[in-house]
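Here is a walk through a protein–DNA model, going from the DNA surfaces to the chain pairing and then to a small sheet. Have the structure open as you read.

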There are 2 protein chains.
Amino acid sequence: MQLAEAKSKFIANWGRFGTNWGINRTMAQIHALLLVSPDPLSAEDVMDQLNISRGNANMNLRELIDWGLVQKVIISGERKEFFSAEKDIWKVATQIIRERKKRELDLMIPVLKELSEVEGDKRDKAVKTFTDTIQNIRKFSEQADKTLDAMIRADEHWFLGSLVKLFVSK
Amino acid sequence: MQLAEAKSKFIANWGRFGTNWGINRTMAQIHALLLVSPDPLSAEDVMDQLNISRGNANMNLRELIDWGLVQKVIISGERKEFFSAEKDIWKVATQIIRERKKRELDLMIPVLKELSEVEGDKRDKAVKTFTDTIQNIRKFSEQADKTLDAMIRADEHWFLGSLVKLFVSK
DNA sequence: TCTTTCTTTCAATATATTTTGAAAGTTCAG
DNA sequence: CTGAACTTTCAAAATATATTGAAAGAAAGA
């Protein structure tokens, strides 16, 4: 397969993949394009290569920057802004974990705490099932919270080394 | 807070949460409703409690069954079908991991293998960046594959015990 | 300052997803 | 069988999300 074909296959697949993760297709495609570009690209490059409008490119690049996956790059002598993506996938993954934890888990935990304080007779089956389920989710969430924090702190080598060995040797 | 209010708050939040995960809001709400219901519910119960149409209830219950999160339950003497959800969140989580791995990672891995065989001169910067990035993603995916398989096999106690301790003590 | 180049915004439009509900299909007791 | 009770389907409608492109805004060189 030639590079051009491989590149467009990669972009298409990364886009499809992204939609399963609550990320819109275009954002994932821009990310894919930057991941395989040796040099930073301008908004214009992105528009041309993906056939999208200026507004769309601008908006999704901003969102990628917001997620910490893409950075603006100044190229001396150039007036335009350029963009480049972090290429180390372990760093990409930990950054995504960091952001999603902040946007989801950290918001869910206080809600669960509030819900666990429901009033009512514990001998009432409906009350018991509710509180038991919430407790179970709470416990799980708090462990997940700690585990994800540790993953964020961990370095790639440790993850790809000990953790996997630990898991697979079980 | 009274049970009714807590229940509807839980359903609303679980629904909001679900949309971040590529699951539609109604499906997540039905799941939430079944999670806190002591007894199995009929399609009619679900329709009434969530104010949704028959078709919608039917479709999303089917999808939940397809994901392995909900089961049909026969109640003797009743002609209707009833539905109940697995309440152990660790089991829910491993089931979701199992399914998403099947639907996403297992499809991505062969694509990456194909893409890693791109032709071209390695001294060409564009080719080098492409192959390096794909290789990096491949390595990560294969480790993630093994890690997730191990998590699926692991039991709750082990997860909530050793793994977390291991992570947080790092 | 003025002009050019580039970036951002946002209302309108296009596209995709979800929901409805009536009709068709199925099951089963009598 | 037959008919009542229940489930499934699916085209149309409603809703939500993404995209466009022109206009406004900002930055910087002359």
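Let's begin at DNA strand D: α2 (25-35) and α4 (54-66) of chain A, along with α4 (54-66) of chain B, each put at least two residues into the surface near it. Bear in mind throughout that this is a predicted model. The top contributor near DNA strand D is α4(B), which gives 4 residues. In total 17 residues sit around DNA strand D, and the ones that come nearest are N24(A), S53(A), G55(A), G55(B) and E81(B).

Now for DNA strand C. Here α4 of chain A, plus α2 and α4 of chain B, each supply at least two residues of the nearby surface. This time α4(A) gives the most, with 4 residues. DNA strand C is surrounded by 16 residues, and the closest are G55(A), E81(A), N24(B), S53(B) and G55(B).

The table sets out the make-up of the two DNA surfaces by residue class.

| Surface | Nonpolar | Polar | Charged |
|---|---|---|---|
| Near DNA strand D | 3 residues | 7 residues | 7 residues |
| Near DNA strand C | 3 residues | 7 residues | 6 residues |

On to the protein–protein side. How many residues of chain B are in contact with chain A? There are 51 of them, and they touch 51 residues of chain A. On the chain B side, α1 (3-19), α5 (89-115), α6 (125-153) and α7 (156-169) each bring at least two residues to the contact with chain A. Helix α6(B) gives the most, with 15 residues. By class, the side of chain B that touches chain A has 29 nonpolar, 11 polar and 11 charged residues.

How do the two chains relate? Any two copies of a chain are related by a rotation about an axis and a shift along it. In this model, a turn of 180° with a shift of 0.0 Å along the axis lays chain B on chain A with an RMSD of 0.1 Å. That is what a two-fold axis does. The interface fits that picture: 100% of the interface residues of chain B are also interface residues in chain A, so the copies meet through the same surface.

For a close-up of that interface, look at α5 (residues 89-115) of chain A against α6(B). Their axes are 9 Å apart and the helices pack at an angle of about 60°. An angle from 35 up to 65 degrees falls between roughly parallel and roughly perpendicular, so α5(A) and α6(B) are oblique to each other. From α5(A), the contact uses I89(A), W90(A) and A93(A), while α6(B) offers N136(B), I137(B) and F140(B). These residues divide into 5 nonpolar, 1 polar and no charged.

Finally, chain B has a little sheet worth finding. It is an open sheet of 3 strands in the order β1-β3-β2, with antiparallel pairing. The edges are held by β1 (41-42) and β2 (70-73) of chain B; each has a single partner strand, so one side of each lacks a neighbour in the sheet. Strand β3 (residues 82-85) of chain B runs antiparallel to β2(B), and 4 bridges join the two. Within that pairing, V70(B) stands opposite A85(B) in β3(B). Helix α2 (residues 25-35) of chain B lies across β1, β2 and β3 of chain B, at about 85° to β3(B). In chain B, then, α2 both crosses this sheet and supplies residues to the surface near DNA strand C.

How values were computed. Residues are numbered from 1 along each chain as its sequence is written. Chains are lettered from A and ligands numbered from 1 in the order in which they are written. This is a predicted model: local features need pLDDT of at least 70, side-chain atom pairs count only at pLDDT 80 or more; totals for chains, interfaces and linings use all residues. Two strands pair if DSSP finds at least two bridges between them. Two residues are in contact if their C-beta atoms, placed from the backbone, lie within 7 Å. Axes are lines fitted to C-alpha atoms, for helices over the stretch in contact, and angles run from 0 to 180 degrees between N-to-C directions. A residue is near a molecule or strand if its C-beta atom, placed from the backbone, lies within 6 Å of it. Ala, Val, Leu, Ile, Met, Phe, Trp, Tyr, Cys and Pro count as nonpolar, Asp, Glu, Lys and Arg as charged, and the others, Gly among them, as polar. Copies are superposed by least squares on the C-alpha atoms of residues with pLDDT of at least 70 in both. Angles under 35 degrees count as roughly parallel, over 145 as roughly antiparallel, 65 to 115 as roughly perpendicular and the rest as oblique.
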